[in-house]
Amino acid sequence: MKTSAEIRASFLNYFKSKGHRIVPSSSLIPGNDPTLLFTNAGMVQFKDVFLGTEKRDYQRATTAQKCMRVAGKHNDLENVGPSPRHHTFFEMLGNFSFGDYFKAGAIAYAWEYLTEHLGLPPDRLAATVYTEDDEAASLWQEIAGLPAARIGRLGAKSNFWEMGDTGPCGPNSEIFYDRGRKYCTCGLPDCTPVTADKHDCERWWEVWNLVFMQFNRNPDRSLTPLPKPSVDTGMGFERIVSVLQGVDSNYDTDLFLPMIHRTQELLGDSDAAAREKQIGYRVIADHSRATAFLIADGVLPGNIGRSYVLRLILRRAARYGRLMGFHDVFMPEIVRVVIDVMGAHYQELVQRRDFILAAVAQEEERFLQTLDTGLGLFDGLARRLSAAGETVVPGEEAFRLYDTYGFPLDLTRDVARERGLTVDEDGFRRALEAQRQRARAAQHFEMDEEAELFRQLELPATEFVGYETTEATSEVLALVTGGEAVSEAREGQSVEVVLARTPFYGESGGQVGDAGVLETPTGRVAVSDTRHPLPHLTAHIGRVVAGPIILGQVATARVDAERRLDIARNHTATHLLHRALREVLGEHARQAGSLVSPERLRFDFTHLAALTDEELARVQALVNAHIRDNLPVSVEVKSYQEALQSGAVALFGEKYGDVVRLVKAGDYSRELCGGTHLAATGQIGLFWILSEGSIGAGLRRIEAVTGRGAEAYLRQQVDQLRQVAELLETKPAQAVARAAEVVEQLRAQQREIEQLRRELAQRQVEALLPQVQQVSGIPVLAARVPAVDMNNLREFTDLLRDRLGAAVVVLGAVIADRPALVASIAPELVGRGLNAVKLVQAAAQVVGGGGGGRPTMAQAGGKDVARLDEALAQVAHWVEQDVKAG
């Protein structure tokens, strides 16, 4: 029996032998694609190639791609556990042709690989084609020898694939494997792939989908043949492994059994007990894989987007674990097995092992702290709903569980389903929107009007020459003002200018856009920003300060060189900072976001705890040491794989082509980067950290300044130190020591004041004792005292309570021009019907206020100072009434 690792290698090597480039899996975070929450198919990393906006140096490719389907259109979450073949995380094996072979080649390769290399019996294979695709049906007969009876026809829902409402599309052909009649769940005597598709029958498993992209879908829904048809195929790895290993479900393969066995070992379950908990075992095995891979690709648990999905699946697994018998954190142990099983092929798991395990433990611990409370609240809610004859959990209640106790909506839905309830999900979303104004995880990207305008202009790609120069001349290709393309922009108008070539860097990769000027024979534009309205276009945004600027003119583009240099200082320093953080904290400290501007740099990174003062000092010292070393900053253009093999750092979620730009600072830092940099690190001058703090679970942020910004910051600090020294009447060098002396003097004086205040209070307490009344045998004192604040008022109360013992004390004072009250009742009197909260609230009503506290001690405030004495005068009467009532 072949192992899963052998099957994966077999697939990739087969297509390599057929002239395909083995392309590594891209991240689960789609690079520069806001339409997707996660990579959900093998073709995602090739989307721009299929669209024709990106070129590769090969026409054939093969991959084993990491995929997630847990949100939006492709959401398998609820099926995970009950189903033997649905997963959140899965691998997609695929082969791709970009204008090379087409239907005949794809069918021939698929048939040869399945029957000759994997050894599947031909008589157990069948295919479906699109209803109108006679060509594919004929090819299956000619190439594979499939009889017509084993070639089914299905409509567009199953056998016609489209990338979107417009764009490349085409028919697809699915290959099915007959698992045998004993697996039939549809009950039809003549069960076929066509009937299995309609009834979701478990007898016929789709193992491979061949997509033939031969048309372009136009806005009017018509189809136009593509000049170079392409092929995109996808084989579910877990499913083909299940078939080849001859087991009943994907969970019985070597991809899942190690996690299941470890879970059973930790629980101490017998095989019979494990079978009874099968769904839970499957959920934990599946979700532990998704958790490990998401964290490895830079996602951390949170309440928005991808982070929310990770939190959902991790907490869902933790809850199943609790139901199965776990009482403490267990998920790190299962995730550790995932890393051992998958790490040989996916090295990122091994490289980030410690961080993955720590992040999982931290999130599970947080969840367990609130799980029992949340489940208890849900049980109470379920009982109330049942008593009222209701079956729907209100959206506001579901949101409260989410907002206060960390219960994702999907988890609440699971718990509700177990109790025969449903959830008002629309109400939940309304509550979420009203309180937090958050975008939902499955939110779809809509092309903004500006991008659509530039797309309609059909402009050629802008040539960027800014790495070599800060000044260039070029033709004006487009002018946009007020959301419209114009032939001329007049003085005073805001304008976006597109040139054929430019030295201006457009905002990307965290680096802000360049500023400067554009000059033509008739006008001048002050450029304040540079952006990319479309990936291949650069737009210079500014105002016409002298005009007009006319379409087709030759413009001289000059970048503000000093500003560019400040940006380059911060950008190169960011690379040094990234390397220093990994050196001090560990390799898990990877970039999660950045801002590089002329004034400062902001760097977000993954780390689970605040940096200590010592760690911050070490990071800053490392960066400055490499600045002083004046390391040469060099750029190499090489293949993506060569760059990674040389030790380059690639950023999670970024999309890289086959050829990348590698920026090196000596031998210290190597990063893939498209930004502008210095010639040597010494040009940074100085690096100074301004702040470090949390921006979310597992995410930290450092803000820093360099060069002129660092000089200005330190000058400001020195000026402030000098001013402080002058106030302290000393020299700057002695300012700290002198400040310490002054602080100690103030503390000593404060202690003396407090002592004098206590002594004065003691005397005042003695003066109050004659005002004590006996009410039903209870000493009662209600009086006004000269307290300066609430602490002082409570001190008076404590002193009187100590003197009087089992007594009732209610004191009032005017603090900050408002009446204040404190009530104290000895514990032994509470049983006689007395309550400090009730007493102080009665007094507070008289002075127009309110209060609260404990039965033995409560306080209140009010508005009407004039009625304070009136309130105090009624205390004895209220005590007498309460004692009688008690």
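This passage describes two β-sheets, the helices that contact them and the cysteines of a predicted model.

Residues are numbered from 1 along each chain as its sequence is written. Because the model is predicted, local features require pLDDT of at least 70 and side-chain atom pairs count only at pLDDT 80 or more, whereas totals for chains, interfaces and linings use all residues; side-chain values rest on heavy atoms, with hydrogens and water left out.

Secondary-structure elements are DSSP runs numbered from the N terminus, helices being H or I runs of at least four residues and strands E runs of at least two. Two strands are taken to pair if DSSP finds at least two bridges between them. In general, strands of a sheet pair through backbone hydrogen bonds, either parallel or antiparallel.

An open sheet of four strands follows the order β25-β26-β31-β30, with antiparallel pairing. Strands β25 (591–596) and β30 (687–696) stand at its edges; each has a single partner strand, so one side of each is left without a neighbour in the sheet. From one strand to the next, the twist averages 15°, where axes are lines fitted to C-alpha atoms (for helices over the stretch in contact) and angles run from 0 to 180 degrees between N-to-C directions. Five bridges join β25 to β26 (residues 601–606) in the antiparallel sense, and Ser 594 has Phe 603 of β26 as its bridge partner. Helix α20 (residues 613–628) lies across β30 and β31 (699–706) and runs at about 135° to β30.

A further open sheet comprises six strands in the order β32-β33-β34-β35-β37-β36, and its pairing is mixed. Its edge strands, β32 (773–775) and β36 (850–853), each pair on one side only. The twist averages 20° from one strand to the next. Within this sheet, β34 (residues 808–815) and β35 (residues 818–825) form an antiparallel pair over eight bridges; the bridge partner of Ile 815 is Arg 818 in β35. Helix α26 (residues 836–846) packs on the sheet and touches β34, β35, β36 and β37 (857–861), contact meaning heavy atoms within 4.5 Å. The direction of α26 makes about 15° with that of β37.

A disulfide is a covalent bond between the sulfur atoms of two cysteines. With the criterion of a pair of cysteine sulfur atoms within 2.5 Å, the structure holds zero disulfides. The cysteine sulfur closest to that of Cys 201 belongs to Cys 191 and lies 3.7 Å away, too far for a bond. Cys 201 is buried, with a relative accessible area of 2%, and Cys 67 is likewise buried, at 0%; buried denotes under 20% relative accessible area, exposed over 50% and partly exposed in between, for a 1.4 Å probe and protein chains only.
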